[in-house]
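Student: I would like to go through this structure with you. Can we test each label against its cut-off?

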Amino acid sequence: MEGVPVLVDTFGRTATDLRVSLTDRCNLRCSYCMPPEGLDWLPKPELLTDDEVVRLVGLAVQKLGVTEVRYTGGEPLLRRGLSDIVRRTAELAPRPRISLTTNGIGLDRLAGPLAEAGLDRVNVSLDTLDRDTFKRLAHRDRLDDVLAGLEAARAAGLEPVKINAVLMRGVNDHEAVPLLRFALDHGYRLRFIEQMPLDAQHGWTRRDMITADEILDRLSAGFDLAPDAEHERGSAPAESFVVDGGPSTVGVIGSVTRPFCGACDRVRLTADGQVRNCLFATEESDLRGAMRGGATDDELVERWRAAVRAKRAGHGIDDPSFLQPSRPMSAIGG
């Protein structure tokens, strides 16, 4: 990799972790993401084709120093060409580490084929173990499908199988201890994430958010937690805590109250081919238009490097001038 240009910004941060959204569509309607009736999805011609995705990912890996590629959505399992995209990504040299963020629906069927294609691991969203609460949050009765997907991922060797959970005040904030107990019992790695202002309804308020401190307080009612001193956090978004003396750990991602912008190594590519430097960015840089207009690989590389150079110091949620992005989480990619 010596001599390979990198995606570096003016604050000296280097982006090596690429998050690629493959679709803005989802088969759940989680209340912190979108309204029950769903959203107006991107027209298919606006989405990157499989070949376009692989071309841009290839440039990121082979010419820009990206070492990890995570496919996201919406719900990436809805993308018909997902296994082939993963396979072609795994064939790149140097080979990046390949992961997937999913709601788990359909993973019971696809975990095996995705592992064979070259997928290394998965993150599965699971906010509750209660069926009624799941239906209230997601407006779908699919808890059993998510649990089956988790089992299948473990059986396929997509480890560590990580669970992402968002606690919401008055809805599931009493489930912190049961969720961690479930993860420990099944060998999954749990990470709690502060609810972020990325819902399509723009209904997020700070007072309704369960903070990282509150999450730790709730967990301390059932477990003995200690900072994980053995593993350096680096650019990882989660603060890691050893549970009951170890070896198991739990992560807490305090995106709002404990921002980690100074060590951020991520860059995002939306399903319609726009580079985003942050989940909360209000600017995007168009690679799709340039690519379809005949841009060479070198021209696309320089566009991408210019886009990342403009990355801001932080997400600015605490700034009085902060504006929630117009795109919701489902249209950005997690």
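The questions below take up helix packing, a pocket and some backbone details of this predicted model.

Student: Why are α2 and α3 called roughly parallel?

Tutor: The axes of α2 (residues 82-90) and α3 (residues 107-117) cross at roughly 25 degrees. Angles under 35 degrees count as roughly parallel, so the label fits. The two axes come within 8 Å. Their crossing is right-handed.

Student: What makes α2 and α3 a contact?

Tutor: Contact means heavy atoms within 4.5 Å. On the α2 side, L82, S83, V86, R87 and A90 take part. They meet P113, L114 and A117 of α3. The residues of this contact divide into 6 nonpolar, 1 polar and 1 charged.

Student: How do you know which label suits α1 and α2?

Tutor: Again, use the angle. The axes of α1 (residues 50-63) and α2 cross at roughly 25 degrees and come within 10 Å. The limit for roughly parallel is under 35 degrees, so α1 is roughly parallel to α2. This crossing is right-handed.

Student: Which residues meet there?

Tutor: D50, D51, V53, V54 and V57 of α1 meet I85, R88 and T89 of α2. By class, that contact has 4 nonpolar, 1 polar and 3 charged residues.

Student: What lines the second largest pocket?

Tutor: The volume of this pocket is about 730 Å³. It has 29 lining residues, and K162, R189, R191, A236 and A238 are the closest to its centre. Lining residues have an atom within 4 Å of a pocket point. By class, the lining has 15 charged, 7 polar and 7 nonpolar residues.

Student: Which strands supply at least two residues each to that lining?

Tutor: β3 (17-21), β4 (68-72), β8 (189-193), β10 (239-243) and β11 (249-253) do.

Student: Which peptide bond with G74 is cis, and where is G74?

Tutor: The bond joining G73 and G74 is cis, with omega about 10 degrees. G74 is in the loop between β4 and α2.

Student: What is omega for the cis bond from A93 to P94?

Tutor: Omega is near 0 degrees there. P94 lies in the loop between α2 and β5 (97-102).

Student: What makes H139 worth a look?

Tutor: The phi of H139 is near 60 degrees, a positive value in a residue other than glycine. H139 is in the loop between α4 (131-138) and α5 (143-155). Most residues other than glycine have a negative phi, and most peptide bonds are trans.

How values were computed. Residues numbered from 1 in each chain as written. Predicted model: local features only at pLDDT ≥ 70, side-chain atom pairs only at ≥ 80, totals over all residues. Heavy atoms only, no water. Axes fitted to C-alpha atoms, helices over the stretch in contact; angles between N-to-C directions. Helix = DSSP H or I, 4+ residues; strand = E, 2+ residues; numbered from the N terminus. Left-handed = near helix turned anticlockwise from the far one by under 90°. Nonpolar A, V, L, I, M, F, W, Y, C, P; charged D, E, K, R; others polar. 1 Å grid on protein atoms, 1.4 Å probe; cavity = no way out; pocket = protein on both sides within 12 Å on 5 of 7 lines; lining within 4 Å. Points joined across faces, edges and corners; volume = space filled by probe spheres on them. Parallel < 35°, antiparallel > 145°, perpendicular 65-115°, else oblique.
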